[in-house]
Amino acid sequence: MTDQVKELVSKCLQARDKAYCPYSRFPVGAAVLTADGAIITGCNVENASYGLTVCAERTAIQRAVVEGHRQFRAIAVTCDIKDRFVGPCGACRQVLLEFGSDWTVYLTKPDGSYKETSLNELLPLAFSPSHLAKN
């Protein structure tokens, strides 16, 4: 594991601890690695009107965009499930794809162990911005 991946995994674990999830009690943390090496974190933020809840991955992307980032290399995602690796929901996968398909995704357990995969593997045959250009 490179130092950069260690930091990315560590920061997603720290972000999970900041989750606001009084309804589901399912904390999620995410950390995105930008093309220039910055790491931006996010956590899930729930709302009593459930549809207004924002996932950790989208929080991290939105924070990164506000800070001027548009190109990304990787994301680490974690939750409290200890016995298997859990990936981003479908909506988050689609949001990640908005910024390119060449993402490395680190599905991370609470103990810091992770499985490396890719956005292409998690979202095959995806609808992307390039489809809109063909009309």
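# Salt bridges, cores and labels

Colleague: What makes D17 and R16 a salt bridge?

Modeller: In this predicted model, the closest N and O atoms of D17 and R16 are 3.2 Å apart. The cut-off is 4 Å between a side-chain nitrogen of Lys or Arg and a carboxyl oxygen of Asp or Glu, so the pair counts. Side chains of opposite charge can pair when their charged atoms come close.

Colleague: How do you class the two partners, D17 and R16: buried or exposed?

Modeller: One of each. D17 has 57% relative accessibility, and the exposed label starts over 50%, so D17 is exposed. R16 comes out at 12%; buried means under 20%, so R16 is buried.

Colleague: Which residues are linked with R16 in a network of salt bridges?

Modeller: D17 and D80 are linked with R16 in that network. The whole structure has 4 salt bridges.

Colleague: Why is the K11 and E7 contact called a salt bridge, and how are the two placed in helix α1?

Modeller: N to O is 3.4 Å for the side chains of K11 and E7, and the limit is 4 Å, so the name fits. The two sit 4 residues apart in helix α1 (residues 3–16), so about one helical turn separates them. As for exposure, K11 is at 28% and E7 has a relative accessible area of 38%. Both values fall between 20% and 50%, so both residues are partly exposed.

Colleague: What makes D83 and R84 a salt bridge?

Modeller: Again it's the N to O distance, 3.4 Å between the side chains of D83 and R84. That is within 4 Å, so they qualify. D83, at 60%, is over the 50% line and so exposed, whereas R84 has 48% and counts as partly exposed.

Colleague: On to R93. Why is R93 called buried or exposed?

Modeller: Its relative accessible area is 19%. Buried needs under 20%, so R93 gets the buried label. R93 sits in helix α3 and touches G87, P88, L119, L122 and L123, leaving aside residues up to four places away in sequence. From R93 to L33, 60 residues along the chain, the C-alpha atoms are separated by 16 Å.

Colleague: What makes the largest nonpolar core a core, and which members touch the most others?

Modeller: Its members are buried nonpolar residues joined through side-chain atoms within 4.5 Å, so they form one set. There are 20 of them, and V32, I75, W103, V105 and L119 touch the most other members. Two or more residues come from each of β1 (29–34), α2 (56–66), β3 (72–78), α3 (90–97), β4 (104–108) and α4 (119–122). The top contributor is α2, with 4 residues. Apart from this core lies another, of 11 residues, including V5, L13, L33 and I39.

Colleague: What does I75 touch?

Modeller: Setting aside residues up to four places away in sequence, I75 touches L8, A30, A31, V32, E57, L96, W103, T104, V105 and Y106.

Colleague: Which residues of α2 are buried, and what do they pack against?

Modeller: A56, E57, T59, A60, I61 and A64 are the buried ones in α2. They pack against β1, β2 (39–43), β3 and α3. Just after α2, G68 takes a positive phi of about 95°.

Colleague: What stands out about phi at R25 and L125?

Modeller: Phi is near 55° at R25, a positive value in a residue other than glycine, and L125 also has a positive phi near 55°. Most residues other than glycine have a negative phi. R25 is in the loop between α1 and β1, while L125 is in the loop between α4 and α5 (129–132).

Colleague: How do you know whether R25 and L125 are buried or exposed?

Modeller: R25 has a relative accessible area of 63% and L125 has 89%. The exposed class is over 50%, so both belong there. L125 is 27 Å from N44, C-alpha to C-alpha, with their positions 81 residues apart in sequence.

Colleague: What lines the largest pocket, and how do the lining residues split by class?

Modeller: The lining has 15 residues, with F26, V28, N44, C55 and E57 nearest the centre. By class, 9 are nonpolar, 4 polar and 2 charged. The space in this pocket is about 210 Å³.

Technical notes:
Residues are numbered from 1 along each chain as its sequence is written. This is a predicted model: local features need pLDDT of at least 70, side-chain atom pairs count only at pLDDT 80 or more; totals for chains, interfaces and linings use all residues. Side-chain values use heavy atoms; hydrogens and water are left out. Buried means under 20% relative accessible area, exposed over 50%, partly exposed in between (1.4 Å probe, protein chains only). Contact means heavy atoms within 4.5 Å. On a 1 Å grid over the protein atoms alone, a cavity is a set of points where a 1.4 Å probe fits but cannot get out, and a pocket is an open set with protein on both sides within 12 Å along at least five of seven lines; lining residues have an atom within 4 Å of a point. Grid points are joined across faces, edges and corners, and a volume is the space filled by probe spheres set on the points. Ala, Val, Leu, Ile, Met, Phe, Trp, Tyr, Cys and Pro count as nonpolar, Asp, Glu, Lys and Arg as charged, and the others, Gly among them, as polar.
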